[in-house]
Amino acid sequence: MGRISLRSVGLGLAAPVGALVFALLVCGVILSITGHPPFSVAEDMIGSLERPRTIANSLNSATTYYLSAVAVAIGFKMRLFNIGVDGQYRLAAMLAAALAGASFMESLPSVVRILLTILAAMLVGAVWSGIAGFLKVTRGVSEVISTIMLNAIATALVAFLLNPDRLAVTVAGSNNIGTAPITEGGQVPGIPYSGSSSDVYGLVALAAVVGVAYWFMLNRTRFGFDLKATGESESAAVASGVNVKKMVLASMLLSGAVAGLVGLPQLLGDSHSYALDFPAGLGFTGIAIALLGRNHPIGMAFAAFLWGALDQTSNVLDLSGVPKEIVVIMQGVIVLSVVIAYELVRRYKLRLEQRDVGRALGTTKTPEEVQG
Amino acid sequence: MTASGLAVGVQDTVAPSRRRRSPMIYFALAVAALVVVSLVRVLTGAGNLTSSGTVAAALTAAVPIALAGLAGLWSERAGVINIGLEGMMVLGTFGAGLFGYQYGPWVGIVAGVALGAVGGLIHAVATVTFGVDHIISGVAITLAAPGLTLFLAKLYFTDAPGGGQKQSPPIEDVPHVSIPGLSTLLGDIEQLQWFFVSDLAGLLRGLTTDVSLLTVVALVLFVATAYALWRTAFGLRLRSCGEAPFAAESLGVNVYKYKYAAITMSGALAGLGGAILAVASSQFRDGQTGGRGYIGLASMIFGNWRPGGVAAGAGLFGYTDAMQLRGEGAVHALLLLLGIALLVLAVVQLRGKRYAVASVATVIGVLFIVWFALSDQVPPELVSAAPYVVTLLVLSLAAQRLRVPKWIGRTYRRGEGG
Amino acid sequence: MANSDVNVAVRTGTVHALVGENGAGKSTLMKILYGMQRPDEGTISIDGSPTDLTTPADAIAVGIGMVHQHFMLADNLTVLENVVLGDEPRSGGGIDFKAARTKIKDISARYGLGVEPDRLVDELGVGERQRVEILKVLFRGARILILDEPTAVLVPQEVDELFGNLRELKSEGLTILFISHKLDEVLSVADDITVMRRGTTVASVSPGEVTARQLAELMVGSALPVPELRESTVTETPVLEVEGLTVTSPDGRAVLDAMSFTIHAGEVLGIAGVEGNGQAELVEALMGIRPLQSGRIMLQDKDITKLSTRKRRDAGVGYVPEDRHRQGVLLEATLWENRILGHQTRAPSARGLLLNRAGARADTERIVEEYDVRTPSIDVAAASLSGGNQQKLIVGREMSGDPVLLIASHPTRGVDVGAQAAIWEQIRKARAEHLAVLLISADLDELIGMSDSLAVILRGKLVASYDPTAVTPEELGSAMTGAGDGGPHD
């Protein structure tokens, strides 16, 4: 932070750009080996970006991904791995959908209905992640393990609740089942995008608000400082007066609350019901995007859009006989190579800075002193 | 030199001594557990609880989980967390599918193992060479593997006879074996419905009748792992990398090498687990692993990072899996079992003077028993959550008994120790 | 470059001591000798023949063994497993446990090490662990033993026993390279002494020729700065009153045993003691990091026993922690962010629930200026500063906001002489302005020079108190080991 220099921007971009290039190379090789000309594949994908519909859909995907990434990033900033965003948002979306679709909600004004739905989703997400937080601070259970377990338990719970005997109804004209459809007063209208048949989710605004709030919390508040300090050095944070247990619980709750929002743009803007085919696995996408965007509010926005665009443009590939999963491979390679690249850049940057300090003071520090 | 005078200011490091238990205790525990299960069977009339059919189904379900758990054990004993197990298993299922339908199950298995090992190798490069956080690398592998396999499946299986976009053509099964003579004898005893004796017979019959050769392979691997990691120099060095890598380094152990070996082996075992899954269900299907990598991880924790424990955990989880398929009465009886297990745990914790934990265990245990008493069945959707709930309970109520490798999850770089 | 132009000659069958300040390059040299780092230039010869050591395995092969300062032991493995690791006797495919056990027992008996092969290292005390380390080295047939600061963690009786072991090893013809900065120990055990300073060897002397003082001056390269308080500023106003402070370890033993003391405004109370006698626990208990079993802590007549660390800091307690890197700074955060650390709730770094970045930055500039923190800007990461400059930043930070009490744990450990003098000067200045200081240090000269009153901590109790103007380091030393007669004993 602080002043922005050309060098720090360059170093900041080196890792993601490098990873992207590397991923393109890997995918190019895979495509070539499997008999698909990589350049024409790329051309098809880029070509589809010219269609407004693709852009609108990419934005919609990015909205969802971004919320998930912020939820993950809140944990990451404190070195907490909330692998459980996946379970948190599915449970939250399901229960929020059941609430929003309930008949007693019909009589409420639209704004109240939507706010209640959002609050309910945040609450459910927070409760589910809170279990992991609670187990960590009281029993020392690793949040990685507990959230993995809670994901699976959430899957079972959603399957249990999404049953015509309980919260679900059969969707007319199919053998799908889902929560009762949310009537118009509970929906969030889309924003028309010129030339596109699909609207942009109205809740793209929610993602923007969450992003700004996240930035503000991290850089301008005492809470954010304590959060980052704990992530950088738990022992130093303790010595400075941070109550780490409280912070763990607070950040898990916060992360879960944001995770609860992940399903809402789609739920309130498009599907209007939580059915068996509601997208799963967005929590893991969030991890990938948080990593690529370095937990930075703007970095993650770019990463989310890249992910959304990759997903949406890959739809044209099936037409030309290229399995669109090449995009998933690419995303996997990006994640793995970007973390390696960030690590390399971090080491390089520290060396540069030490050299600068050394130069400014006319002495050079020995590696031994640096590691102390 | 005497030991007197050492007490000044240094007692901090003295931990309560832990004794090694003799194998007899584990045997006694197993017998006691079976007695409880028999009791529950007699009380509830859920004959399926110990029928040889259930046991055989449990065994089949347990093997992939057990191998995933064993894979986790190899990696974590060398200090590297492997939550990429799920992804490596996916690679294994695909390898078995691709090669299994063309060249037979054994070649398929080998291919699955090889692909899993490649997955492990990638994890090793990321975590050991580049010092990437173990969780992140694991997540990335788990994200990428299904994409890669689905991509290739679409290319190679779509036009193959009997295949599809998301599934391979059928794979032959490997031979199954029984211990001759034993099966009928045990079957007769099982029919008698005697307390304990019939249960034991059912258990043994399930374990010795119509067993897949792949199950035998898995069993051999467990024994081999126990020997390799605890009785050989290779194993000692590997474990030392997970406990104190700088100590190992200072004694000339090439920590990188052992970590690489362990993680690659971990990938290979996970791949084997996936391959067995594919062979046992006669084809590769997208999404076939269904979180078994994570259940394997759970069984590793449940088993306290020891092969016997992992096997027991996987057996337990395979058992709940099998129960799901075998009628609701039996599943319902599981509630009572879980309740009793928690009460036993409460007593153990009480003896260790951990009153808070003991009371929590008691409350949850009683709740399970009340649930059992007040209901006739358990919703089948909830049963699949059982392994995860059990693992969470073990972690939160019996964590002080767990002995996690000390250097787990931390980065090691040569020459940067003390 | 850490070391250059280092020349050491060690005679076979002797104890050779290598002395130098922290950061003088001793550890680097040891790492080179043990093959953990490679020299850019120069040779290492053993018994006259040049040797190339690229890995610890090479060093072991030529008979060099290393006993590290921080024990290199795996707690969850047994003594036997720790000892044989890397050099396992085999039978068939596996380890020959029986042969290993016999050999360990033999060596243990021959040198009187008293090591039991089948115990878990987790259960062993510090002295036992060190003997396991020595046994590890002997098990590999080492003829040259390198001991890196072997006495740092030992109590005096253990030091005596260690020296007994060393003499025994020497009489068996083994060569011992002994690294230390405890000069009295060096003088008592070494046959030859080499002094290092700033990465190079500056002198070779024999213990008969020099005094501890001369040796110390060789180490620092100039006359030693002497910490000294001018006139007493002690007032009658108690700032910190501690009564019956008791802290127990997880297994129920008292690590602090009913400790009571008072520090007045303008007073520096120095606590002397061998490391590990409860100093760390005392500091953590006072800071609210470690829970108390019983006792009461009063700050300016206000009971702070139940307050959190943050509330205590807000009440005016400054804290210079023992381990700078772990507790004092956020290494990857900028200097101004580090200025906020520990002052998250107070002006100038906070405004209500928000941070005041401008205020924090301005005040960081002030600290950099006043405390002479050498840095090109306040936007660099703390990690890029030298230890001394990091420490000056920490002291500056902890002195800001007008604390009434400063808890300083080893405030000048591992910093250069210049920073040391600067830190002493700042503490003196604050003391003149009625700051109460609890000073914990391993440096007896620092304690004697800086304190208005001195207490000795032994096994979690304050066992003696001294007037620093009338006490010698020797007297203090014997009280610290429980052998002195300067105060009441339990």
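What percentage of the 490 residues of chain C count as buried? The legends below, drawn from a predicted model, begin with the chain to which this question refers.

**Figure 1. Overall build of chain C in the predicted model.** Of the 490 residues of chain C, 57% count as buried. The secondary structure of this chain consists of 17 helices and 22 strands. Its radius of gyration is 25 Å, close to the 23 Å given by the globule rule for 490 residues, so chain C is as compact as a globular protein of that length. Along the principal axes, the C-alpha trace of chain C spans about 70 × 50 × 50 Å. When contacts in chain C between residues at least 6 apart in sequence are considered, 67% join residues at least 24 apart.

**Figure 2. Surface and charge of chain C.** Chain C exposes about 19,200 Å², and carbon and sulfur atoms supply 48% of this area. The chain carries 49 positive and 70 negative side chains. The centres of these two sets lie 4 Å apart.

**Figure 3. Surroundings of C:Phe178 in strand β8 of chain C.** C:Phe178 is placed in strand β8, which comprises residues 175-180. With a relative accessible area of 0%, C:Phe178 is buried, because values under 20% count as such. Apart from neighbours within four places in sequence, C:Phe178 is in contact with C:Val15, C:His16, C:Ala17, C:Leu18, C:Leu147, C:Pro150, C:Thr151, C:Phe163, C:Leu166, C:Val186 and C:Val189. One of these partners, C:Leu166, is 12 residues away from C:Phe178 along the chain, and the C-alpha atoms of the two are separated by 9.9 Å.

**Figure 4. Overall build of chain B.** Chain B has 17 helices and two strands. The radius of gyration of chain B is 23 Å, close to the 22 Å that the globule rule gives for 418 residues; chain B is therefore as compact as a globular protein of that length. Taken along the principal axes, the C-alpha atoms fill a box of roughly 65 × 65 × 40 Å. Of the 418 residues, 55% count as buried. Among contacts in chain B between residues at least 6 apart in sequence, 77% join residues at least 24 apart. The accessible surface of chain B comes to about 16,800 Å², of which carbon and sulfur atoms account for 67%. Chain B has 27 positive and 19 negative side chains, with the centres of the two sets 15 Å apart.

**Figure 5. Aromatic pair B:Phe246 and B:Trp407.** Over all chains, the structure holds 16 aromatic pairs. In the pair of B:Phe246 and B:Trp407, the ring centres are 5.6 Å apart and the planes stand at 85 degrees, so the arrangement is edge-to-face. This pair links distant parts of the chain, 161 residues apart: B:Phe246 belongs to helix α10 (residues 245-250) of chain B, and B:Trp407 to the segment after α17 (386-397). Both B:Phe246 and B:Trp407 are buried.

**Figure 6. Aromatic pair B:Phe368 and B:Trp371 in helix α15 of chain B.** The ring centres of B:Phe368 and B:Trp371 are 6.2 Å apart and their planes lie at 20 degrees, so the pair is stacked. Because B:Phe368 and B:Trp371 are three residues apart in helix α15 (residues 355-374), about one helical turn separates them. B:Phe368 counts as buried at 12% relative accessibility, whereas B:Trp371 counts as partly exposed at 34%.

**Figure 7. Aromatic cluster in chain B.** B:Phe94, B:Tyr101, B:Phe157 and B:Phe284 form one aromatic cluster.

**Figure 8. Surroundings of B:Ile295 in helix α12 of chain B.** B:Ile295 is placed in helix α12, which comprises residues 292-302. The relative accessible area of B:Ile295 is 10%, and the residue is buried. Leaving aside neighbours within four places in sequence, B:Ile295 is in contact with B:Ile65, B:Phe317, B:Pro387 and B:Tyr388. The C-alpha atoms of B:Ile295 and B:Val80, 215 residues apart along the chain, are separated by 18 Å.

**Figure 9. A:Glu325 and its contacts with chain B.** A:Glu325 is placed in the loop between α13 (297-313) and α14 (326-361) of chain A. At a relative accessibility of 9%, A:Glu325 counts as buried. Beyond its neighbours within four places in sequence, A:Glu325 is in contact with B:Gly147, B:Leu150, B:Phe151 and B:Lys154.

Key: Residues are numbered from 1 along each chain as its sequence is written. Chains are lettered from A and ligands numbered from 1 in the order in which they are written. This is a predicted model: local features need pLDDT of at least 70, side-chain atom pairs count only at pLDDT 80 or more; totals for chains, interfaces and linings use all residues. Side-chain values use heavy atoms; hydrogens and water are left out. Helices (H or I, at least four residues) and strands (E, at least two) are DSSP runs, numbered from the N terminus. The radius of gyration is taken over C-alpha atoms; the globule rule is 2.2 Å times the number of residues to the power 0.38. Buried means under 20% relative accessible area, exposed over 50%, partly exposed in between (1.4 Å probe, protein chains only). Contact means heavy atoms within 4.5 Å. Accessible areas come from the Shrake-Rupley method with a 1.4 Å probe; for residues, only the protein chains shown count as cover. Lys and Arg count as positive and Asp and Glu as negative; His and the chain ends are not counted. The place of a charge is taken as NZ of Lys, CZ of Arg, CG of Asp or CD of Glu. Rings of Phe, Tyr and Trp (its six-membered ring) pair if their centres lie within 6.5 Å; planes under 30 degrees apart count as stacked, over 60 as edge-to-face and the rest as tilted.
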